[in-house]
2 protein chains.
Amino acid sequence: MKVICTRQNLVQGVTTAQRAVSAKNTMPVLAGILITARDHYLEFQATDMEMGIQCTVPCTVQEAGSIVLPAKYLGEIVRRLPDAPIQIETGQGTNVVIRYGQSEISINGFHDEEFPVFPKQQGKTSITIPEEDLKEYLRQILFATSTEETRPVFTGVLMELSEGNLRLVATDTHRLALRDVKINTEISDVSMIIPGKTLNELARVIGAADQEVTISLAENTVIFGMEDTVLVSRLIEGQFPNYRQVIPQSYKTRIRVKTKELLESVERASLLARVGTQIIRLHIEQDKIIITANTEVGRIHEEIAVYLQGEPMQIAFNANYLIDALRACGSDNIYLDLSGPLSPGILRPVEGEDYLSLILPMRTI
Amino acid sequence: MKVICTRQNLVQGVTTAQRAVSAKNTMPVLAGILITARDHYLEFQATDMEMGIQCTVPCTVQEAGSIVLPAKYLGEIVRRLPDAPIQIETGQGTNVVIRYGQSEISINGFHDEEFPVFPKQQGKTSITIPEEDLKEYLRQILFATSTEETRPVFTGVLMELSEGNLRLVATDTHRLALRDVKINTEISDVSMIIPGKTLNELARVIGAADQEVTISLAENTVIFGMEDTVLVSRLIEGQFPNYRQVIPQSYKTRIRVKTKELLESVERASLLARVGTQIIRLHIEQDKIIITANTEVGRIHEEIAVYLQGEPMQIAFNANYLIDALRACGSDNIYLDLSGPLSPGILRPVEGEDYLSLILPMRTI
C-alpha cells in the first residue's frame, strides 16, 4: 500500500473510525483501524464487535493494499502532522512509514487478515432523515436511556416505524422520552431496539447541514449511511416495556412556564438538594409555581409565574431528572401536566405534539 | 449584616477569595469565606493558613457586619443567580438569607470570630509591576518548579532584588528557568522563596490591562496588592540552590531555530517516546537538526532547518522537559546552546538576554 493524502482527510478518517474502537477489547487487533487503499480513496474501518464504523476519504493511491494500525497512536500522530501532503507506505511485515516534508514516522501494525470482516449487507428496508434533525431528535431521547448493563433493553432506544411515522422511545424506568417524526415511507410494523452507545456515537458523527442519514435494517443489524461514513450496529434483543400504558392520557393540572426560568430555578435548587436525596418539591398555585428544597446545607424557595389550567398541585421530583428533561425539550415554553402527587409528570413543548418526556415523582413523607 | 450587591460583584468576590480555600483543610471554618460588610463595600477573605486572599467589591450596605459562608456552596450558588439585585442578610445564629426577585436561599455558615485573622501588615519594601507583564513572567518560570513537597525550596520560586533588577528563578533539579526584569527601585539585596502554589493562584487572579501589582515583603510574608484584591503568602524557608554555578557561561554549539517548528516536531516525537523513557535524541548537523525517538511502538525521524554556530553535536533530552521549555520561551525564534552531550542545554529567546531556561540532558547508551 502506498498513498498520498491530505492531513485533513487523514484526521477525518481516523477520528471517525476511532469512535468504534473500544478501550476494553479482547482481541489486540481490535485496538487498530483497518486502512485500505483502493481506486481513489482510503477506507478506515474499526469495530468493537458490537458497532462498526467505516469512513472513506479521497486520496492518491500509488499502490493498493491494506494494513491495520493502532488507533490510539495513529489518532494522536495524524492530529499533530503538519498541513502538508502525507505519504503512507507499508514496508517490511506490518511496518508502515508515514512521510511528511523531510520527516517520517514508522509504526508497527497488524496484518489485515486478522481484522474481522465489516458487515456490508444492505438493509431491506430503509428510510432517510436530514442529519441535523436526527441529531436533535437523539439529543431529546438519549438522556433517558439507562447505563446499567444488567438490563440491556433499557440501555437502548426503541425505534418504531408505522404508517409514515418514526417513533423513538427511551426509558430507564424512572423517566421516559418519546419523539415522533413524520417521514415519507411505505414501511410499517418495524420495531427494533438500538444500543444507546451506538446512537451516542452516531450523534457525534452527524450534523452536517443539507446531508441525510439513511437508516436500513438487516438481520439483527441496523445500518446508518452518511455521505462518507457508514455506522453498523447490532440490535438489542428483548422486549421493550409497554411504554404506552405508562403515559397518562389526561391531566388534572397543566401549567405553562418559560423553560429557561424553570430550568435555572431547578438548577439552583439542585445545588442544595445534592447533599441529600436530590428531592425538590413543586407547589403549583393559581399563578405561580414554588420550587423548594430543604437539606442540612440550607433551604431554597423559588417562585416563578405560570399559567395554570386545572387544580393546584404538589409534587416532588428528582432535581437531576427534571433538569435533564427541561434541557432536552427544545422549546422556549413548555407544558407540565400532572395528575396527582404519585402520578408521573409530563413535559411537552408548547408547540406540537411530537415530543414528550415523563418523570416519575418521588414519594416524600 | 444586610447588603445589596450585583451578581457580577458577588461572583467576582467569591471566585477570587475561593482560590485560597484548600480542599484538605483541618479547621472546618477554613472551608468558608469570611464576608464583611462595611462602608460601601463587601470584603471576601479566605485562607488555607499558607496563603490568604482578600477581595473587595462595591455594594450597598444597609447594616454592617460579617459572617463566614461555605465556599463551595456559595460559589456554585452565586454563579447561578439571576442578573438582578441580590440581597444578603444574616438571620438567626449563623443563618444567612440570599434574596433575588421573589426567591430566596437560606444557608448555614460559621461565626466570624472562628475565622483566623488576615495578616494585614504592610511590607517595608515594595515594588510594582504591570499585571500583564508579571503574568507572562510567571508563565515562563512556574513550569520549572517541583511538585514534590519533600524538598520545599524546589516547589518555590526564588525572587531576588538587586540594583534595579528583579530576578525570578525556579528549578526542580532537572531543569531551571530564569527571568530578569528591569524595575525602578532602590531596593537591593532582598531574596525570598515564594511558594509556586501562591504564584500559580496569583497568575490566575492578575492579567488586567493597565493595572499594576505591588509586591511587598514583611516578616516571612509576601503581599501582592492588586486594585481590589490582596494576596498574602508565607515564604518558604531554606537555602535556594546556587543556580549560578549550574548555568554554563559559554557554548560549543549554538543553533537558531523557529520555536514553533521545533516544538511541533518534539511533540510528535514525544507521542512515540511516551511509551518508553521519554528520551528524544537531537542530532545537530551543519544546516539541520534531526530529532529521533525509537520505542517499541515505532520510530520517528524529523528534520528541521537551523542556523548553526560552532560544532555539530548530539544530545538527548526528556521530550516533556523540552516541550515545556519551548512553550515557555515566549519568542518566535530561539537559540539552543550546547556544550557537550552531558552538559545542560540552554534555550534563550533570540531577542534579549532577560530569559533563559536550562535542561539537563539524558544519558543514553
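I began with charge pairs across the interface of chain B and chain A, and in this predicted model I find four salt bridges there. The one I looked up by name joins the side chains of Glu267(B) and Arg80(A), with 3.0 Å from N to O.

I then asked which elements of chain B give two or more residues to the side that touches chain A, and noted α2 (71–80), β9 (103–108), α5 (259–273) and β21 (298–305). Sorting the residues of that side of chain B by character, I get 12 nonpolar, six polar and 11 charged.

Next I looked up the extent of the contact, to which chain B and chain A contribute 29 residues each. The two chains bury about 2800 Å² between them, and 49% of this area lies on carbon and sulfur atoms. For polar contacts between chain B and chain A, I recorded 20 residue pairs, both residues being at pLDDT 80 or more.

I also checked strand pairing across the chains: β9 (residues 103–108) of chain A runs antiparallel to β21(B), and four bridges join them. Within this pairing, I traced Ile105(A) to its bridge partner Ile300(B).

Last, I turned to how the copies are related, and found that chain B superposes on chain A by a rotation of 180° with 0.0 Å of shift along the axis, at an RMSD of 0.0 Å. I therefore entered the relation as that of a two-fold axis. In chain B, the C-alpha nearest the axis belongs to Ala23(B), at 16 Å from it. Both copies use the same surface, since 100% of the contact residues of chain B recur in chain A.

Conventions:
Residues are numbered from 1 along each chain as its sequence is written. Chains are lettered from A and ligands numbered from 1 in the order in which they are written. This is a predicted model: local features need pLDDT of at least 70, side-chain atom pairs count only at pLDDT 80 or more; totals for chains, interfaces and linings use all residues. Side-chain values use heavy atoms; hydrogens and water are left out. Contact means heavy atoms within 4.5 Å. Buried area is the accessible area (1.4 Å probe) that two parts lose on being put together, summed over both. A polar contact is a pair of N or O atoms within 3.5 Å; within protein, one must be able to donate a hydrogen and the other to accept it, and residues adjacent in sequence count only if both atoms are side-chain atoms. Ala, Val, Leu, Ile, Met, Phe, Trp, Tyr, Cys and Pro count as nonpolar, Asp, Glu, Lys and Arg as charged, and the others, Gly among them, as polar. Two strands pair if DSSP finds at least two bridges between them. Copies are superposed by least squares on the C-alpha atoms of residues with pLDDT of at least 70 in both.
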